[in-house]
Amino acid sequence: MQPDPLFFPLRLGPLALANRIVMPPMTRSRAAQPGDVATELMATYYAQRAGAGLIVSEGTQISPLGKGYAWTPGIHSPEQVAGWRTVTDAVHANGGAIFAQLWHVGRVTHPDNIGGAQPVSASALRAEGVRVFVDKEGAPGFVETVTPRALSVQEIADVVQEFRQAARNAMAAGFDGIELHGANGYLINQFLDSESNTRTDRYGGALDNRLRFLREVVEAVGAEIGMERVGVRLAPLTTLNGTVDADPEQTYTAAARLLGELGVVYLHIAEADWDDAPMMRGDFKQALRAAYPGALIYAGKYDAARARAAIAEGWADLVGFGRPFVANPDLPERIRRDQPWAQHDPATLFGGDAKGLTDYPKADGSAA
């Protein structure tokens, strides 16, 4: 049999990854309340999936104003850092590696989730038609976003420092590194994409200006923890949460080149993965490969065959399998043995208890 490229080891900064399979960030909304604290249940969930070469945690907000959805974890209080330490200890005890995804949602929230405050963004543009998950007296509910206010230049600098502090907190919590969430319509993406950024100062207009916030955040966290522990997630073709760019190939190739110059350890590309979503052309992927010399992760409806092809063709170094990891805690072993994948229950994705989180069995029927 031919060697399986998904199981070739990979050096990622200071880490020696056992395989090229990534568990990407997935919001599960099970943090303890009040306080948005990671729990023992979450520790079990992540530890069950430590067979991945790399785990990237669910999005974790860097500040109270950065919170987008009910019951999501933060990493800005001592209690939150302690909660995440429980998770990282469990993953490491099972031989895994885990990065924290640092998250500021910007306008993709509602005052109900941020203490009644008005959301902030690059510009005072509402995410039209976007609904967010809120706590309705202990029950889940969805409400539409409101019009945000544009961050001042001083407030932008303050948010950059919040990212820096969150990276420091992630190291204190035992994470192996951090991933900046620059995808899916959240704050970094709101600055980056042309149609969500109408600023006329040094953070808007020309592409170099729209890249400035990304640059400043990366420089801040890299100076704090080392670029060898910093990854960035981008989503060139997604239009999630209302962000659209007029020329995504130009914008995101430039972003990839910038991140290569700054020396981040990986670039994580989230492909549009809904039905009839736009496909990333092969020449676009090759342009990103040429622009960025570090490790490239791709995620978006991959099966094992597509993942092997991506690595064999050279435009990906690792591949993320999102939803399959929900119902298959032993997914890498199932891939290795060519075993079937279980399907997850969509009703248990967000909120709740162990049901649909830690009770999925291994392929042989035993508990994970």
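## Exercises on a predicted protein model

Of the 368 residues in the protein chain, 61% come out as buried (buried is under 20% relative accessible area, exposed is over 50%, and partly exposed lies in between, with a 1.4 Å probe and protein chains only). The model is a predicted one, in which local features need pLDDT of at least 70 and side-chain atom pairs count only at pLDDT 80 or more, while totals for chains, interfaces and linings use all residues. Residues are numbered from 1 along each chain as its sequence is written, and side-chain values use heavy atoms, with hydrogens and water left out.

### Exercise 1: the whole chain

Work out what the radius of gyration says about the fold of the protein chain.

**Solution.** Start with the rule: 2.2 Å times the number of residues to the power 0.38, with the radius taken over C-alpha atoms. For 368 residues, a compact globule would have a radius near 21 Å; the chain has 19 Å, which agrees. Next, look at the box: the C-alpha trace spans about 60 × 50 × 40 Å along its principal axes. Then count contacts, meaning heavy atoms within 4.5 Å. Among contacts between residues at least 6 apart in sequence, 72% join residues at least 24 apart. Finish with the secondary structure: 11 helices and 14 strands (DSSP runs numbered from the N terminus, H or I with at least four residues for helices, E with at least two for strands).

### Exercise 2: a hairpin

Find how strand 7 and strand 8 pair, and what sits in the turn.

**Solution.** First, locate strand 7 at residues 131–136 and strand 8 at residues 139–144. They pair in the antiparallel sense over six bridges (a pair needs at least two DSSP bridges between the strands). One place to check this is Lys-136, which stands opposite Ala-139 in strand 8. Two residues lie between the strands of this hairpin, and Glu-137 in the turn has a positive phi of about 55 degrees.

### Exercise 3: a covered strand

Describe the surroundings of strand 13, residues 295–299.

**Solution.** Begin with burial: five of its five residues are buried. Now split them by direction. Ala-295, Ile-297 and Ala-299 point one way, while Leu-296 and Tyr-298 point the other way. Then turn to the neighbours. Strand 12 (residues 266–270) runs parallel to strand 13, joined by five bridges, and Ala-270 has Ala-299 as its bridge partner. Strand 14 (residues 318–320) is also parallel to strand 13, with three bridges; there, Tyr-298 stands opposite Val-319.

### Exercise 4: two residues

Is Ile-75 buried or exposed, and is Gln-154 buried or exposed?

**Solution.** Take Ile-75 first. You'll find Ile-75 in the loop between strand 4 and helix 2. Its relative accessible area is 0%, so Ile-75 is buried. Leaving out residues up to four places away in sequence, Ile-75 touches partners including Thr-60, Trp-84, Leu-102, Asn-169 and Phe-175. Now for Gln-154, which lies in helix 3 (residues 153–172). Its relative accessibility is 52%, so Gln-154 counts as exposed. To place Gln-154 in space, use Arg-210: the two are 56 residues apart in sequence and 17 Å apart, C-alpha to C-alpha.

### Exercise 5: a helix and its packing

Which residues of helix 1 are buried, and what do they pack against?

**Solution.** Go to helix 1 at residues 40–48; its buried residues are Met-42, Ala-43, Tyr-45, Tyr-46, Ala-47 and Gln-48. Then check the partners: these residues pack against strand 3 (21–23), strand 4 (54–61), helix 2 (78–93) and strand 5 (98–103).
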